[in-house]
Amino acid sequence: MYRKIMIPVDLGHVEKLDKALTTAADLAKHYQASLHLVGVTASTPSAVAGSPEEFAAKLNAFAAAEGAKRGLEVTAHAIVTPDPAVELDDRLGREAAEIGADLIVMASHVPGFAEHIFSSNAGYLSAHSAISVFVVR
């Protein structure tokens, strides 16, 4: 049913990703699908990495560790953009299309007041993506 599963990851908050990663890994094993971790970073230094190259290296290391932990091959895709806060939703959607993903599994948070005014990243992708989006709280 699913062949390629994309998981957006925020390396600044890996402690909040386990449930989504476990869900994606279980689905990948069940459907013999490939897993693709996607991280978006700025072209300038951030709290996570001093450069886009360092960010890509950290994302690759995280993907390798997750693959070893879960017994799956996991591919990392680092996206560099001038303004991740503005471009995140669009870049994730475009990357899903480039990968050929047929499912996005992503972590979310308990909605608060701001989500009544502004769409969350998961909400945006769910509403605007042509493929299925599984939001894990």
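Biologist: How much area does the protein expose, and which atoms supply 56% of it?

Modeller: About 7500 Å² is exposed, and carbon and sulfur atoms supply that 56%, by the Shrake-Rupley method with a 1.4 Å probe and only the protein chains shown as cover for residues. This is a predicted model, in which local features need pLDDT of at least 70 and side-chain atom pairs pLDDT 80 or more, while totals for chains, interfaces and linings use all residues. Numbering runs from 1 along each chain as its sequence is written, and side-chain values use heavy atoms, without hydrogens and water.

Biologist: How do you know that the span of α1 agrees with a helix?

Modeller: Helices are DSSP runs of H or I with at least four residues, strands E runs of at least two, numbered from the N terminus. The expected span is 1.5 Å times one less than the number of residues. For the 14 residues of α1 (18-31) that gives 20 Å, and the end C-alpha atoms are 20 Å apart, so the two agree.

Biologist: Which residues of α1 are called buried, and what do they pack against?

Modeller: Buried means under 20% relative accessible area (1.4 Å probe, protein chains only). In α1 that holds for A20, L21, T23, A24, A25, L27 and A28. They pack against β1, β2, α2, β4 and β5.

Biologist: What makes a set of residues a nonpolar core?

Modeller: Its members are buried Ala, Val, Leu, Ile, Met, Phe, Trp, Tyr and Cys residues joined through side-chain atoms within 4.5 Å. The largest such core here has 26 residues, with I5, V9 and F62 among those with the most contacts inside it. Helix α1 gives the most to this core, 6 residues.

Conventions
Buried means under 20% relative accessible area, exposed over 50%, partly exposed in between (1.4 Å probe, protein chains only). Contact means heavy atoms within 4.5 Å.
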